[in-house]
Amino acid sequence: MEIDRDDGRTPNQLRPLACSRNILHRAHGSASWSQGDTKVLAAVYGPKAGTKKNENPEKACIEVIWKPKTGQIGKLEKEYEMILKRTLQSISILTINRNTTTSVIIQVVHDDGSLLTCAINAACAALVDAGIPMKHLAVAICCCLTEGGYVILDPTKLEEQKMKGFAYLVFPNSIHSVLPEGSLLVEGEAVEHGIITSVTHGLMSVEEYLNCLERGRAASAKLSDFLRKSIKLQLPTDSFKS
């Protein structure tokens, strides 16, 4: 069954992507990431000497600070900070630059759906721009479940309001790694078909979640290709239309 979407996209179709790097001169690394009308800026400062309280001084630490477009940070934004922190720490090499803290500032420019995944993609590009040692690149995608049980990818804000379940998925760059050439292992584990972060909200059966996982993994290849090209070109601005 074909799902009719307000913007005319097919269920698996992503919105146009755009990425710009090195956009903030005072930050050690920065990037903007847009998916349709959703846009996020990410700035990286550090690594700076010393770790935060309750952090392991034998490893590098990453802190995430979320800044909404307007108003104060709430419970949802605090959850986003934690998800981002865990995701970024899992793809970074924390045994280099031990006992340091790298700060990642997320500034929401406009939210038209899939905000968390857009922020993760922006943060990953900003870490690369800052030269932070990383195990591999990563891309995030939001999969939504309609009341009828159908999966759509990269929802708009309006579409999100109609969904019964969400899966926010982060995948490693499926083929290319930023590890030494010839290595597709991270701490002894293959990353080619893995998943880095998985967060669900709402109602979703195991079968429906596995369907989201399959659709999200397939779409992540397009995101990975765009991110790789954006980084490889070493240009301040790149854009891609899906």
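Student: What share of the 242 residues in the chain is buried?
Tutor: Buried residues make up 48% of them. Keep in mind that this is a predicted model.

Student: What makes Cys 19 a buried residue?
Tutor: Buried means under 20% relative accessible area. Cys 19 has 1%, so Cys 19 is buried.

Student: And why is Cys 124 called buried?
Tutor: The cut-off is again under 20%. The relative accessible area of Cys 124 is 1%, so the label applies.

Student: How many disulfides are there?
Tutor: The count comes to 0. Cys 19 is in no disulfide, and the nearest cysteine sulfur is that of Cys 124.

Student: Why is Cys 124 not bonded to Cys 19?
Tutor: A disulfide is a covalent bond between the sulfur atoms of two cysteines. To be counted, the sulfurs must lie within 2.5 Å. From the sulfur of Cys 124 to the closest cysteine sulfur, in Cys 19, is 9.4 Å, so the pair is too far apart for a bond.

Student: What makes strand E1 mostly covered?
Tutor: E1 spans residues 17-21, and 4 of its 5 residues are buried.

Student: How do you know that E1 pairs with strand E2?
Tutor: Pairing takes at least two bridges. E1 and E2 (residues 29-35) have 5 bridges, in the antiparallel sense. The strands therefore count as paired. Within this pairing, Arg 21 stands opposite Ala 31 in E2.

Student: How many helices and strands does the chain have?
Tutor: The chain has 4 helices and 12 strands.

Technical notes
Residues numbered from 1 in each chain as written. Predicted model: local features only at pLDDT ≥ 70, side-chain atom pairs only at ≥ 80, totals over all residues. Heavy atoms only, no water. Buried < 20%, exposed > 50% of the residue type's maximum accessible area, 1.4 Å probe, protein only. Helix = DSSP H or I, 4+ residues; strand = E, 2+ residues; numbered from the N terminus.
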